[in-house]
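Hi everyone, thanks for making time. I'd like to walk you through one structure today, so have a look at it while I talk.

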Amino acid sequence: MLNLGFFELTLFGIIALIVLGPEKLLTTARTLGKWYANIRQMSARLKSEFVSELQLLEVTDELKGELAKMREAEAKMKAHMTELERRIQQNKSMLISNENQAATDEQETIAHATNNDLDNHHGQHITLEAALNIPMTDRWFLLSNHDKKRRLPNAPFLPNHQADPLLSTPLTPLNQPIIKTP
């Protein structure tokens, strides 16, 4: 602040003593000390507020950058989602058309098979509705995908404890030693 040495301070104190007198010098010194303390506190507070504002501005800039990155990522994700939805719709429409084609093929196969079977066995022609009411004996090859999905899965593999001696031997506890007798 001010480059005052010991000589300057003593000179200043002597002049103040002569001008103010000994009674007023003490109260003036206390008042000046309080003002000096208040000024230092205010300067420290202003300095800390200034530093905190600068830090806040830096954090705000960083947050704006991160927010821009997040918006960019969101736009990419939305583009991917729309592309996936488009592919799903495309696959869905393809599956529906394949199922419709399979259903019509299946109905034609059933009608053709029933008509051939009925014509061969009875010598007369029957409509499709009547042919569908006839039992499906010897027609296992006409199962649809729906019937194949409804079938039960194969039985799980179960070990044979009687045939495999490793499965039927009892285990010894870990704290007991294994003693073999000759």
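I'll start with the whole chain and then go through two annotated stretches.

Just so we're all clear, this is a predicted model. Okay, the overall picture: the chain has five helices and zero strands, so to speak an α-α-α-α-α pattern when you read along the sequence. There are 182 residues, and buried ones make up 7% of them. The chain exposes about 17400 Å², with carbon and sulfur atoms supplying 63% of that area.

Now, the front end. UniProt, in an unreviewed entry, lists residues 6-26 as "transmembrane region". In the model, that stretch is 95% helix and 0% strand, and its end C-alpha atoms sit 20 Å apart. Helix α1 itself covers residues 6-20.

So what does the surface look like here? F7, L11, I14, I15, I18, V19 and L20 form a nonpolar patch on it, with about 730 Å² of accessible area together. Let me pick out one of those, I18, which is found in helix α1. Is I18 buried or exposed? It's exposed: I18 has a relative accessible area of 67%, and the cut-off for calling a residue exposed is over 50%.

Moving along the chain, the unreviewed UniProt entry also has a "coiled-coil region" annotation, covering residues 56-90. What's the helix content over residues 56-90? The model has that stretch at 100% helix and 0% strand. From one end to the other, the C-alpha atoms are 50 Å apart.

That's my tour, so over to you for questions.

How values were computed: Residues numbered from 1 in each chain as written. Predicted model: local features only at pLDDT ≥ 70, side-chain atom pairs only at ≥ 80, totals over all residues. Heavy atoms only, no water. Patch = residues over 30% accessible without salt bridge, like charges linked within 9 Å, V, L, I, M, F, W, Y side chains within 5 Å. Areas by Shrake-Rupley, 256 points an atom, 1.4 Å probe, with all protein chains shown as cover. Salt bridge = Lys/Arg side-chain N within 4 Å of Asp/Glu carboxyl O. Helix = DSSP H or I, 4+ residues; strand = E, 2+ residues; numbered from the N terminus. Buried < 20%, exposed > 50% of the residue type's maximum accessible area, 1.4 Å probe, protein only. UniProt positions renumbered as here; feature names shortened; annotations may be inferred.
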